[in-house]
Each structure stands twice: as structure tokens, then as C-alpha cells.
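Me: I am new to this structure. Please take me through its strands, one pairing at a time, and stay with the sheet that is open.

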Amino acid sequence: PRLLIISGDVHYGEVSGVGGLEITSSGMTHTCATAWWGDACEPILRAFPAHRDDAVAVATDQGLFYTGYNFGTVEIDWHAQQPGPSVVASVRGVNGTQMLRVG
């Protein structure tokens with residue numbers, strides 16, 4: 001079985017598959033891009049990419065993070081043919097579009 005970490009309150013979304021599955025998402029009230037320091041958000045996230053190795057950018061050109069308004073989802077297939085359940089963690093945009101996924 002793989003480790004699943006769910007976290008938030010960082011004002012951006014990201015997913016990672018290094019050492020398990022990790023999804024980070026935040027509330028829908030603001031993002032790091034809308035804060036007073038918003039111009040620094042994307043360059044900072046681009047400078048530290050190593051933990052995002054196994055993630056897949058689905059509908060964003062920012063890379064393996066998403067600075068728009070977002071929420072996270074975790075889908076578990078308890079009947080998967082693998083040894084144990086199959087898990088997919090996603091970051092979704094405000095309209096529900098899957099922006100990033102891992103798993």
C-alpha cells in the first residue's frame with residue numbers, strides 16, 4: 001500500500017507521487033497569485049519542483065502546480081485488480097475541471 005497525504009492552506013494546488021501520493025489544495029477564497037505578493041508565487045513554485053516528479057499536468061500550462069482557485073478530490077476504486085485499492089488524487093479548478101492528477 002502507498003501512503004496518501006492530504007494537505008492544504010497553502011493557497012495553490014499541487015500533486016506529487018514521490019514516496020506515496022500527496023495532494024495539496026486550498027480554499028476557494030483566494031490564491032497565492034491574488035495575494036499582495038502574487039507576482040512571486042509562480043517563480044517560487046517553479047524553483048522547487050523535485051517533489052512533483054510523478055504528477056501529471058492535465059489542463060494547466062503552469063507546470064505541476066496550479067495557482068488558480070482550486071479544490072482537491074480523492075477517488076478510490078476499492079475493486080481495482082491491483083493488490084489493494086487504486087487511488088487517484090486531483091486538483092480541480094473552480095468549475096470542476098481536473099487540472100492536475102497523480103495516482
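Reply: What follows is a close look at the open sheet, then at a second set of paired strands.

Keep in mind that this is a predicted model.

Start with the order of the strands. The open sheet has four of them, in the order β1-β3-β2-β5. The pairing is mixed. Now look at the edges. β1 and β5 (65-66) stand there, each with a single partner strand, so one side of each has no neighbour in the sheet.

Next comes β2, residues 13-16. Three bridges join β2 to β3, residues 21-25. These two strands run antiparallel. Two residues of β2 show the match. Glu 14 stands opposite Thr 24 in β3. Val 15 has Ile 23 as its bridge partner in β3.

Then turn to β5. Two bridges join β2 to β5, and this pair is antiparallel as well. Here Glu 14 appears again: its bridge partner in β5 is Phe 65. So how are the faces of β2 placed, buried or exposed? Both faces are covered. Gly 13 and Val 15 lie on one side, Glu 14 and Ser 16 on the other, and all are buried. That split follows a general pattern. In a regular strand the side chains alternate between the two faces of the sheet.

Now move along the chain to β6, β7 and β8. Eight bridges join β6 to β7. The two run antiparallel. Asp 77 stands opposite Ser 86 in β7. On its other pairing, β7 is joined to β8, residues 98-102, by four bridges. These strands are antiparallel too. Ser 90 stands opposite Arg 101 in β8. β7 and β8 form a hairpin, with four residues between them. In the turn, Gly 96 has a positive phi of about 95 degrees.

How much of β7 is covered? β7 spans residues 86-93, and six of its eight residues are buried.

Finally, look at the surface. Leu 4, Ile 6, Val 74, Ile 76 and Trp 78 make a nonpolar patch of about 490 Å². The elements that give two or more residues to the patch are β1 (4-8) and β6 (70-77). The patch therefore draws on an edge strand of the open sheet, β1. Val 74 is a good residue to pick out. Its place is in strand β6. Its relative accessibility is 33%, so Val 74 counts as partly exposed.

Definitions and conventions: Residues numbered from 1 in each chain as written. Predicted model: local features only at pLDDT ≥ 70, side-chain atom pairs only at ≥ 80, totals over all residues. Heavy atoms only, no water. Patch = residues over 30% accessible without salt bridge, like charges linked within 9 Å, V, L, I, M, F, W, Y side chains within 5 Å. Areas by Shrake-Rupley, 256 points an atom, 1.4 Å probe, with all protein chains shown as cover. Salt bridge = Lys/Arg side-chain N within 4 Å of Asp/Glu carboxyl O. Buried < 20%, exposed > 50% of the residue type's maximum accessible area, 1.4 Å probe, protein only. Pairing = 2+ DSSP bridges.
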